[in-house]
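Trainee: I should like to work through this structure with you, one local feature at a time. May I put my questions in order?

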Amino acid sequence: NIPTPKRDSRWKSIHGINFIMFDLSVEENRKIKTSMNKYVDFTFNIYMDADSIIQNSQFDEMVELLLLDNPDLLLNHFAEYPFSDGRFQNIYLRALHQFGCKMPLQIYNGAFIGFKKNMRTDEFFKTWNRYWVEFGSQQEMPSLACAINKNSELKILNLPKGFFSPDERDDNSIVQHNYNADFHNRVGVEYIDLQ
C-alpha cells in the first residue's frame, strides 16, 4: 500500500518484479497477507515481511535445496505450546480453544512463508484468513498456527536452524528479521513508525 512515488527508483531496473497497489490502510495489511495466494502467479512463492532482509548470498542455493523436498509450506518453526513446564502464551491458548485445535500447537513466524500454489495451500490460506477475521483481525500468528493445525494434509518443511533469525541479531543467518535495536540504520533505510 505504498504509493509508487515513494518506492525506490532502483526497483525499475529489476526485471520480473510486479507490484500490486492495494488501496488499504496499514491496519488492513494482514487482510492481504492471509490471502496472498490469490495474488501470485508462480508455482512456488516466498513471502517475507518488509522488515526482513536477505543478508547472505547462499539464499538461492539453500531455497533450491529445500524445495527438493517438494513442500507445500516452508516455514520457520518458532515454538511449541504448551512448553515442557505447561506454560502457554495466553493469546495462543485463546486461539486454540476458539478454533478447536489439538495440542501440541506448533507456532511459526509469520515473517517468512514459502508456499506452493496448489489446492492444499489454497485451503490453508482460506482457513488462515477466516480465522484471522474471526480472531479480531489483529495479530496473524495465532490464527496461522491454528490454520496449520487444522490442515493436517499440508506438507510442511521447517527452515533449518540459522536460516531465519526472527527477533535477535544474527549476522550469520541467511534472512534477518527486524530485531528493533537500530535495525533500520544497519540496513540503511529511514525509520517508519507504522503504529
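Trainee: Is S137 buried, partly exposed or exposed?

Mentor: As this is a predicted model, each value here is computed from the predicted coordinates. S137 is found in the loop between α4 and α5. Its relative accessibility is 27%, and the class in between runs from 20% to 50%. S137 therefore counts as partly exposed.

Trainee: What is the phi of S137?

Mentor: Most residues other than glycine have a negative phi. S137 is not a glycine, yet its phi is positive, at about 55°.

Trainee: Which residue in the loop between α2 and β3 has a phi near 55°?

Mentor: The residue is not a glycine, although its phi is positive. At 45% relative accessibility it counts as partly exposed, because that value falls between the cut-offs of 20% and 50%. The residue in this loop is N70.

Trainee: Which residue precedes P82 across a cis peptide bond?

Mentor: Most peptide bonds are trans. P82 is placed in the loop between β3 and α3. With omega near 0°, the bond leading into P82 is cis, and the residue before it is Y81.

Trainee: Where is P104, which is joined to M103 by a cis peptide bond?

Mentor: The bond between M103 and P104 has an omega of about 0°. As for its place, P104 is found in the loop between α3 and β4.

Trainee: How many salt bridges does the structure hold?

Mentor: Side chains of opposite charge can pair when their charged atoms come close. One of the pairs here is R120 with D72, at 2.8 Å from N to O. In total, the number of salt bridges is 8.

Trainee: How many residues apart in sequence are the parts tied together by R120 and D72?

Mentor: R120 lies in helix α4, whereas D72 lies in the loop between α2 and β3, so their pairing ties together separate parts of the sequence. R120 counts as partly exposed at 37% relative accessibility, while D72 counts as buried at 1%. The separation in sequence is 48 residues.

Trainee: How far apart are the closest N and O atoms of E140 and R30?

Mentor: E140 sits in the loop between α4 and α5 and R30 in helix α1, so this pair links distant parts of the chain, 110 residues apart. E140 counts as buried at 5% relative accessibility, and R30 as partly exposed at 32%. The closest N and O atoms of this salt bridge are 2.4 Å apart.

Trainee: Which residue forms a salt bridge with K33?

Mentor: The closest N and O atoms of the pair are 3.0 Å apart. K33 is buried, with a relative accessible area of 9%, and its partner is buried as well, at 15%. The partner lies in the loop between β1 and β2, so the pair ties together parts that are 16 residues apart in sequence. That partner is D49.

Trainee: Which residues are linked with R30 in a network of salt bridges?

Mentor: R30 pairs with E140, and K33 pairs with D49. These pairs belong to one network, in which R30 is linked with K33, D49 and E140.

Trainee: Why do F59, V63 and L66 lie on the same side of α2?

Mentor: An α-helix has 3.6 residues a turn, so residues three or four places apart point the same way. In α2, F59, V63 and L66 are buried. They lie on the same side because the arc they cover around the axis is only 60°.

Trainee: Which exposed residues does the face of α2 turned away from its buried side carry?

Mentor: The buried residues of α2 are covered by elements including β1, β2 and β3. The face turned away from that buried side carries the exposed residues D60, E61 and E64.

Trainee: Which backbone oxygen lies 3.1 Å from a polar side-chain atom of N45?

Mentor: N45 lies in strand β1 and counts as buried at 7% relative accessibility. Among its contacts beyond four places in sequence are V40, I113 and F115. The backbone oxygen at 3.1 Å belongs to F42.

Trainee: What is the area of the nonpolar surface patch that includes I14?

Mentor: I14 is in the segment before α1, and at 41% relative accessible area it is partly exposed. W11, I17 and F19 join I14 in the patch, whose area is about 360 Å².

Key
Residues are numbered from 1 along each chain as its sequence is written. This is a predicted model: local features need pLDDT of at least 70, side-chain atom pairs count only at pLDDT 80 or more; totals for chains, interfaces and linings use all residues. Side-chain values use heavy atoms; hydrogens and water are left out. A salt bridge is a side-chain nitrogen of Lys or Arg within 4 Å of a carboxyl oxygen of Asp or Glu. Helices (H or I, at least four residues) and strands (E, at least two) are DSSP runs, numbered from the N terminus. Buried means under 20% relative accessible area, exposed over 50%, partly exposed in between (1.4 Å probe, protein chains only). The arc is that of the directions from the helix axis to the C-beta atoms. Contact means heavy atoms within 4.5 Å. Patches are made of residues with over 30% relative accessible area and no salt bridge: like charges are joined within 9 Å, nonpolar side chains (Val, Leu, Ile, Met, Phe, Trp, Tyr) within 5 Å. Accessible areas come from the Shrake-Rupley method with a 1.4 Å probe; for residues, only the protein chains shown count as cover. A polar contact is a pair of N or O atoms within 3.5 Å; within protein, one must be able to donate a hydrogen and the other to accept it, and residues adjacent in sequence count only if both atoms are side-chain atoms.
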